[in-house]
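The following note sets out, point by point, what may be read from the model shown here. Please keep the structure in view while going through the points.

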Amino acid sequence: MRRFAVIVALLLSSSPLAAAESIAERAAPCLACHGEKGTSEIENTPSLGAQQPAYTLIQLYMFRENLRIFAPMNEMAKDLTDDDLRIFSDYIATLPKPVARDAGDPARMQAAKALTSQFRCDSCHNADFSGRDNIPRIANQREDYLVKTMREYKDNSRHGYDATMADVMQGISDAQIVELAYFLARVK
Amino acid sequence: MTVYASARQALLASVFVGACVVGAAAQQSDTTTATPPAASVTPSPAAPAPAATPPAATPAPAPQAAAPAPAAPALPPGSPLIGRPADSVAAAKLAPVAPPPIPTAADKLPTAKLKVPAGFNIEVYAAGMANARSMREGDKGTVFVGTRLIDKVYAVSNQDGKRQVKVLASGLYRPNGLAFKDGTLFIAELSKISKIDKVEDNLDNPPKPTTIYDKLPKDEAHGWKFIGIGPDNKLYVPVGQPGNNVLHDDAHGQIRRMNLDGSGAEVYVKGMRNTVGFDWNPETKQMYFTDNGRDWMSEAVPEDELNRVSKAGEDFGAPYCLQGNILDPEFGWGKSCADYTAPVGLLGAHTAALGMRFYTGKMFPAAYKNAIFIARHGSWNKSQKLGGDVVVAKLNKDGTVKSVEPFLTGFLEDNKYVGRPVDVLQMKDGSMLVSDDWNGAIYRITYGKQKVAGKK
């Protein structure tokens with residue numbers, strides 16, 4: 001309940017009247033849910049730390065334009081200007097990388113790592129899964145969010161900016177999604 | 001015609017694919033092809049790395065015989081990554097290129113970097129349209145613009161000598177394709193076709209589009225559409241191959257045609273992989289279409305195709321025969337390229353040849369009359385990018401391709417795009433528009449001395 005009160009207070013403080021606020025102040029309501037130090041503590045809410053700014057810009061744009069539907073984010077983004085989208089994306093990229101909760105079971109990690117090679121996740125997302133340009137960092141992302149996202153790409157309930165992830169996910173089973181998320185959430 | 005929603009899963013499951021097979025068999029080439037297609041387009045003068053230009057198309061050059069990845073297990077059937085080397089540092093740098101979502105301001109467009117042949121001029125026609133793609137001109141001069149990554153169709157109108165950009169429709173799903181006939185705008189979303197009657201009379205308060213046809217698969221892969229109305233007054237609607245390299249069922253890998261109310265749909269072209277542009281030869285009335293070749297076979301092949309349709313039901317070979325003379329390493333076994341119609345022209349490896357139009361105007365010099373202008377969006381799955389330009393294909397009297405030459409270049413800089421052309425549109429005055437989905441803009445190309453506002 002106290003968290004809720006904090007969020008409301010922060011939302012109020014980010015009204016257009018307070019235009020002279022620093023970006024850190026303006027981003028505070030975002031980080032109340034997404035984690036102040038880049039790592040999210042809230043279920044199904046992605047960590048944003050060190051996220052690729054080109055990717056974040058696309059997602060914020062899609063939220064603003066209702067191309068990606070998640071009501072709280074559509075609401076947060078609806079009045080942002082193009083410059084706002086760029087400023088937030090660039091700021092988010094400066095947050096510390098998300099941190100893994102634990103190292104994971106070695107055998108399970110090894111088996112899942114083989115899956116990331118098999119499906120060439122590392123080709124676009126980079127060998128360390130830090131992403132590049134429009135391709136997001138997925139290393140140490142929240143496990144529940146990774147599972148949710150891959151499932152949504154697979155059944156096309158989350159529309160990607162382009163068709164790439166919908167296409168890639170077609171041949172990946174739900175059991176494999178669970179293992180991929182386990183690995184990516186913990187990868188060193 | 002039977003059209004299934006999607007039999008893709010069953011189809012994919014029947015396809016066994018091994019990465020090693022791909023690597024080892026990449027050389028398979030069919031020597032029985034009777035007519036080699038026209039030579040590859042000459043490299044654009046702006047392309048930074050001539051060394052990466054694919055050699056002439058026939059016979060297929062041997063890609064580097066990369067050792068098959070020893071440890072990587074097979075990809076699932078139909079995966080878009082089949083053939084992608086798992087152990088190549090160079091290939092690992094390749095990923096689909098997404099345009100910035102926010103359109104570039106008119107004064108920040110790369111217009112000054114763009115090059116056209118002597119005597120031609122280029123200027124900005126309209127800007128600020130995120131992801132501007134396919135274009136059509138209305139009877140009253142409105143230019144309609146579709147999008148693929150967002151949900152809008154724009155209308156660019158002339159009012160009191162000033163161009164105005166309006167959102168004509170929004171909330172659409174990948175509305176890439178447009179056609180215009182007798183006052184009606186047809187819009188192709190990913191899996192349905194709709195229309196707005198008397199659209200130019202209602203630009204300020206346009207009605208919602210009404211659906212005329214929705215018996216279309218919903219695949220994301222190659223699901224966005226280019227559409228057009230032929231000289232037979234039928235609407236032509238492609239359904240792409242639902243993945244990089246997969247077999248087609250009865251509903252995919254084809255161009256359909258139908259009446260303008262959506263009735264009477266039939267398959268017109270088969271063996272098509274992914275066309276995002278077509279037009280009809282003004283003299284022979286034959287349909288010509290661009291088709292994008294498969295990914296991950298090699299840097300140099302297969303090339304994108306320019307095809308000509310001689311009769312309904314013709315098969316152009318995908319996914320069995322590539323660029324008219326290479327049997328596909330996976331699916332080509334037991335097939336012969338002689339059984340399929342070969343392209344009349346090749347447009348470079350992975351160049352993403354998209355929108356095309358025959359030039360019938362009077363403004364450009366006579367050498368361009370009835371030539372085909374083709375927008376090449378530009379490669380992503382190739383180390384040295386190729387395309388990102390507009391080329392012109394000049395034809396022989398018999399409709400075959402005489403030459404393919406660069407026309408508009410300069411979108412590629414240090415192996416990066418500063419813009420990406422998607423479609424070309426000849427205006428009634430003979431000038432030509434080129435859309436750029438990277439910057440969300442449209443350029444206008446004219447010939448001779450023009451009163452060009454805003455030109456540097």
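1. Helix axes are lines fitted to C-alpha atoms over the stretch in contact, and angles run from 0 to 180 degrees between N-to-C directions. Helices (H or I, at least four residues) and strands (E, at least two) are DSSP runs, numbered from the N terminus. In chain A, helix H8 (residues 143-154) packs against helix H10 (residues 174-186) at an angle of about 140°, and their axes are 8 Å apart. H8(A) is therefore oblique to H10(A); angles under 35 degrees count as roughly parallel, over 145 as roughly antiparallel, 65 to 115 as roughly perpendicular and the rest as oblique. The crossing of H8(A) and H10(A) is right-handed, that is, the near helix is turned clockwise from the far one by less than a right angle.

2. The model is a predicted one, in which local features need pLDDT of at least 70 and side-chain atom pairs count only at pLDDT 80 or more, while totals for chains, interfaces and linings use all residues. Residues are numbered from 1 along each chain as its sequence is written, chains are lettered from A and ligands numbered from 1 in the order in which they are written, and side-chain values use heavy atoms, with hydrogens and water left out.

3. A second helix pair of chain A consists of H3 (residues 53-64) and H5 (residues 82-93), which pack at an angle of about 140° with their axes 8 Å apart. This angle makes H3(A) oblique to H5(A). H3(A) passes H5(A) in a right-handed crossing.

4. In chain B, 4 strands form an open antiparallel sheet in the order E6-E7-E8-E9; two strands pair if DSSP finds at least two bridges between them. Strand E6 (177-181) and strand E9 (210-213) of chain B are the edge strands, each pairing on one side only. On average, neighbouring strands of this sheet are turned by 30° against each other, direction ignored. Within the sheet, E7 (residues 184-188) and E8 (residues 193-196) of chain B pair in the antiparallel sense over 4 bridges. Leu185(B) stands opposite Ile196(B) in E8(B).

5. Another open sheet of 4 strands in chain B has the order E14-E15-E16-E20, with antiparallel pairing. E14 (278-280) and E20 (345-349) of chain B each have a single partner strand, so one side of each is left without a neighbour in the sheet. Here neighbouring strands are turned by 20° against each other on average, direction ignored. E16(B) and E20(B) run antiparallel and are joined by 3 bridges. The bridge partner of Glu303(B) in E20(B) is Ala349(B).

6. How many cavities of 30 Å³ or more are counted? The count comes to 4, a cavity being a set of points on a 1 Å grid over the protein atoms alone where a 1.4 Å probe fits but cannot get out. The largest holds about 80 Å³ of space, a volume being the space filled by probe spheres set on the points, which are joined across faces, edges and corners. Its lining comprises 14 residues (those with an atom within 4 Å of a point), and Arg273(B), Asn292(B), Gly293(B), Glu305(B) and Leu322(B) lie nearest the centre. Strands E16 (303-309) and E18 (321-322) of chain B each supply at least two residues of this lining.

Terms used:
1 Å grid on protein atoms, 1.4 Å probe; cavity = no way out; pocket = protein on both sides within 12 Å on 5 of 7 lines; lining within 4 Å.
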